[in-house]
Amino acid sequence: MTLSWGVKVPKEDAERVHKILLKRKIIDISLRTLRDEKYVYFPVVAPIVIENTELVRMNFPKKNMLNPKDKIRHELLKRVPKEIVEIVPEYWEVIGDAVIIKLPEDAEKYKKAIGESFAIALGKKDVYLDKGVEGELRKPRFELIYGTGGPTIHKENKVLYKLDPARIMFSSGNIDERIRMSRLNITDEIIVDMFAGIGYFSLQIAVHCNPRLIYAIEKNPEAFEYLKENILLNNVNDTVIPILGDNRNVSPEGIADRVIMGYLHKTHKFLRRALEILKPEGGIIHYHDLVHNYGGIEEAKRRALNILENAGYRMSVLSSRYVKSYSPNVWHVVLDLKVEQE
Ligand SMILES: C[S@@+](CC[C@H](N)C(=O)[O-])C[C@H]1O[C@@H](n2cnc3c(N)ncnc32)[C@H](O)[C@@H]1O
């Protein structure tokens with residue numbers, strides 16, 4: 001039971017008053033409405049005067065609030081003015097024990113209270129404010145607004161990813177592609193993941209696809225440390241070999257059945273390197289690229305074909321798909337290319 005303000009209204013007038021309370025968004029959605037023979041008692045978050053009603057203080061039973069949006073709103077209403085609650089976006093991302101939110105400028109003044117509300121409502125440790133991306137490489141800028149920050153472990157499709165969300169990118173928009181990778185029929189293949197990061201694709205494949213070996217190459221030492229930890233965390237150290245360095249210098253050559261190119265900055269410039277990594281007769285390349293609205297997937301096909309043909313390879317596109325919107329008018333796409341030496 002919770003002691004709260006309530007609006008007591010004769011039964012026959014309850015519908016009208018309910019509409020008014022809903023419109024003013026003043027009903028306390030965490031508490032249950034009560035009824036007796038003559039009256040209905042609506043719990044409200046603040047005192048309110050409405051014709052033909054009486055304001056009362058009384059105990060209301062707590063509702064089982066299963067809906068996270070309602071929980072967040074309820075916590076926000078306790079801490080920030082109602083007009084600010086109205087402009088807090090109703091979407092968020094979860095990475096392990098962390099929540100990532102975006103806020104309009106007018107709400108930033110209340111960011112600490114808003115962060116606390118999300119953490120309590122969602123039962124999470126840290127809350128970050130996503131302040132957009134910076135630089136040509138679109139590095140995310142996350143500001144910790146609640147909690148102590150640091151590494152967290154995110155679980156997706158039975159794979160554990162340890163990372164620090166403030167320092168390492170984890171793109172929730174790529175989830176379908178990670179899951180697609182986990183369903184490839186590639187038993188016994190040798191795979192080279194040229195841009196492994198913390199193991200986004202390598203771990204999905206290692207956990208679900210039974211390949212012979214995956215060489216996971218990553219040049220950023222911080223991401224590489226997480227990659228190594230994640231290999232152990234997922235118990236795939238027999239399958240995944242982490243290699244620190246630039247794939248142009250450190251990759252094994254002439255051995256892969258399949259190469260993953262999960263990178264979005266002039267990926268085509270690495271295609272010749274992918275050919276050196278594949279077995280001499282060729283193989284499969286998962287080629288990620290950025291394309292414009294007007295060019296679409298054809299834009300990526302043309303770019304890849306040009307390079308592969310010049311290198312003396314035949315290319316066929318086994319499948320292609322849009323992964324996510326990357327920026328206004330720009331799309332992240334992936335092509336599964338079969339390449340064979342002519
Ligand atoms: C961030 S991931 C791409 C996103 C990822 N595929 C996903 O699903 O979210 C790309 C990684 O490639 C690494 N990288 C970039 N150039 C590289 C190179 N030449 N050799 C090895 N790693 C590289 C970056 O450090 C980064 O960690």
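How many residue pairs are in polar contact between domain 1 and domain 2? The count is 3, with both residues of each pair at pLDDT 80 or more. By class, the face that domain 1 turns to domain 2 holds 2 nonpolar, 1 polar and 3 charged residues. The points below take up this interface and some of the elements on either side of it.

1. Model and domains. The model is predicted. The protein is divided into domain 1 (2–60), domain 2 (68–149) and domain 3 (169–341). Between the C-alpha centres of domain 1 and domain 2 the distance is 30 Å.

2. Extent of the interface. Domain 1 places 6 residues in contact with 6 residues of domain 2. About 500 Å² is buried between domain 1 and domain 2, and carbon and sulfur atoms give 64% of that area. The size of an interface is often given as the accessible area lost when the parts come together, so the buried area is the figure to quote here.

3. Charged pair across the interface. The rule finds 1 salt bridge between domain 1 and domain 2. Lys25 and Glu86 meet through their side chains in a salt bridge, at 3.2 Å from N to O. Lys25 falls within the bounds of domain 1 and Glu86 within those of domain 2.

4. Salt bridge within helix 2. Arg79 and Glu75 also form a side-chain salt bridge, with N to O at 2.9 Å. Both residues belong to helix 2 (residues 68–79), where they are 4 residues apart, about one turn of the helix. Over the whole structure, the search finds 26 salt bridges.

5. Sheet. Strands of a sheet pair through backbone hydrogen bonds, either parallel or antiparallel. Here, an open sheet of 4 strands is ordered 2-3-1-4, and its pairing is antiparallel. Strand 2 (34–35) and strand 4 (54–60) are the edge strands, each pairing on one side only.

6. Pairing of strands 1 and 3. Strand 1 (residues 2–10) and strand 3 (residues 39–44) run antiparallel and are joined by 6 bridges. Opposite Gly6 stands Pro43, a residue of strand 3.

Note on methods:
Residues are numbered from 1 along each chain as its sequence is written. This is a predicted model: local features need pLDDT of at least 70, side-chain atom pairs count only at pLDDT 80 or more; totals for chains, interfaces and linings use all residues. Side-chain values use heavy atoms; hydrogens and water are left out. Domain bounds come from an automatic or database domain assignment. Contact means heavy atoms within 4.5 Å. Buried area is the accessible area (1.4 Å probe) that two parts lose on being put together, summed over both. A salt bridge is a side-chain nitrogen of Lys or Arg within 4 Å of a carboxyl oxygen of Asp or Glu. A polar contact is a pair of N or O atoms within 3.5 Å; within protein, one must be able to donate a hydrogen and the other to accept it, and residues adjacent in sequence count only if both atoms are side-chain atoms. Ala, Val, Leu, Ile, Met, Phe, Trp, Tyr, Cys and Pro count as nonpolar, Asp, Glu, Lys and Arg as charged, and the others, Gly among them, as polar. Two strands pair if DSSP finds at least two bridges between them. Helices (H or I, at least four residues) and strands (E, at least two) are DSSP runs, numbered from the N terminus.
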